[in-house]
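Please open the structure in your viewer and keep the sequence at hand. The tour proceeds by selection, one stop after another.

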Amino acid sequence: MSQTTAYCKVSICPVRAEAKDSSEMVTQLLFGEVIDILEDGEKWLKIRTYHDNYEGYIDPKQIRRLTKKEVGRWLDGLSYISNLTQEISTPWGKQLIFKGSFLPFNCKESFSIGNDEFSLLGDPTFAPSSNPVEIAKQYLNAPYLWGGKTPFGIDCSGLTQMTFRFLEINLPRDASQQVEFGNDTPFEDRLPGDVMFFQNDAGKIIHVGIVIDSETIIHASGQVRIDAYDNRGIKHYSNEYYTHYYVALKRMF
């Protein structure tokens, strides 16, 4: 019986909308992330991510296959590193992994995924903050990257997903999906860490950000940035017009 589960072996694996290199990247896998293989192929795999059920296509050379039993052992007690980078020793040589990658909670020396043995070269830090605003600010000035999930490139819903993942709140990938989670909160009752959603002219949710205080929000637009907002939306830095139009506010915990 073929193995239909796997983990991401590389630091960052692009997940594409179609089975070709020229297709847009819709999300990323980070080291240690588990996937289900939906369609097997020599050059491309159709996969579904374990943590947010997102589907797309990846290069099979960037994953290692696991049995269901091995997946269960790996997923037991996982956490996410908050270091910007972390060097590890792997069966294929030294490798850098990045913020948000999966490791066993409080791992300090070595670990295994299936039959693959790894060791840490330096001590990782595991989610030092319980404040979503402070976590989001660690991505400040990261460049905007459609489908990105790291400080080296991230999109608006990637920022909210990764921020709340450190708080053990598993949001789906896209803003239009994230708006279905959490508790509806009146705009006038907003608090730091609440999540604001924004729509286009057709009423579709297209943007999301995290409330810092009663006047400012952190979001990914061009780069991860802090901007002013009000009950109409996010203001352009010139204060002459709105870049995004407010539609909903959610409290995620």
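Begin with Phe-198 and Tyr-246: Tyr-246, in strand 22, is the bridge partner of Phe-198. Please bear in mind throughout that the model is predicted.

Next, select residues 195-199, which form strand 17, together with strand 22; the two pair in the antiparallel sense over 5 bridges. Strand 22 itself covers residues 242-251.

Keep strand 22 selected and add strand 16, residues 183-184. These two strands are also antiparallel, joined over 2 bridges. Here Asp-184 stands opposite Lys-250 of strand 22.

Now add strand 21, residues 233-235, which pairs with strand 22 in the antiparallel sense over 3 bridges. Within this pairing, Ile-234 has His-244 of strand 22 as its bridge partner. Strand 21 and strand 22 form a hairpin with 6 residues between the strands, and in this hairpin Asn-239 takes a positive phi near 65°.

While side chains are displayed, a general point may help: in a regular strand they alternate between the two faces of the sheet.

For the last stop, turn to the largest pocket, whose volume is about 360 Å³. Which residues lie nearest its centre? Select Trp-146, Ser-157, Asp-174, Ala-175 and Ile-206, which hold that position among the 17 lining residues. Then colour helix 3 (156-165), helix 4 (175-178) and strand 18 (205-211), each of which supplies at least two residues of the lining. Strand 18 gives the most, with 3 residues. Coloured by class, the lining shows 8 nonpolar, 5 polar and 4 charged residues.

Note on methods
Residues are numbered from 1 along each chain as its sequence is written. This is a predicted model: local features need pLDDT of at least 70, side-chain atom pairs count only at pLDDT 80 or more; totals for chains, interfaces and linings use all residues. Side-chain values use heavy atoms; hydrogens and water are left out. On a 1 Å grid over the protein atoms alone, a cavity is a set of points where a 1.4 Å probe fits but cannot get out, and a pocket is an open set with protein on both sides within 12 Å along at least five of seven lines; lining residues have an atom within 4 Å of a point. Grid points are joined across faces, edges and corners, and a volume is the space filled by probe spheres set on the points. Helices (H or I, at least four residues) and strands (E, at least two) are DSSP runs, numbered from the N terminus. Ala, Val, Leu, Ile, Met, Phe, Trp, Tyr, Cys and Pro count as nonpolar, Asp, Glu, Lys and Arg as charged, and the others, Gly among them, as polar. Two strands pair if DSSP finds at least two bridges between them.
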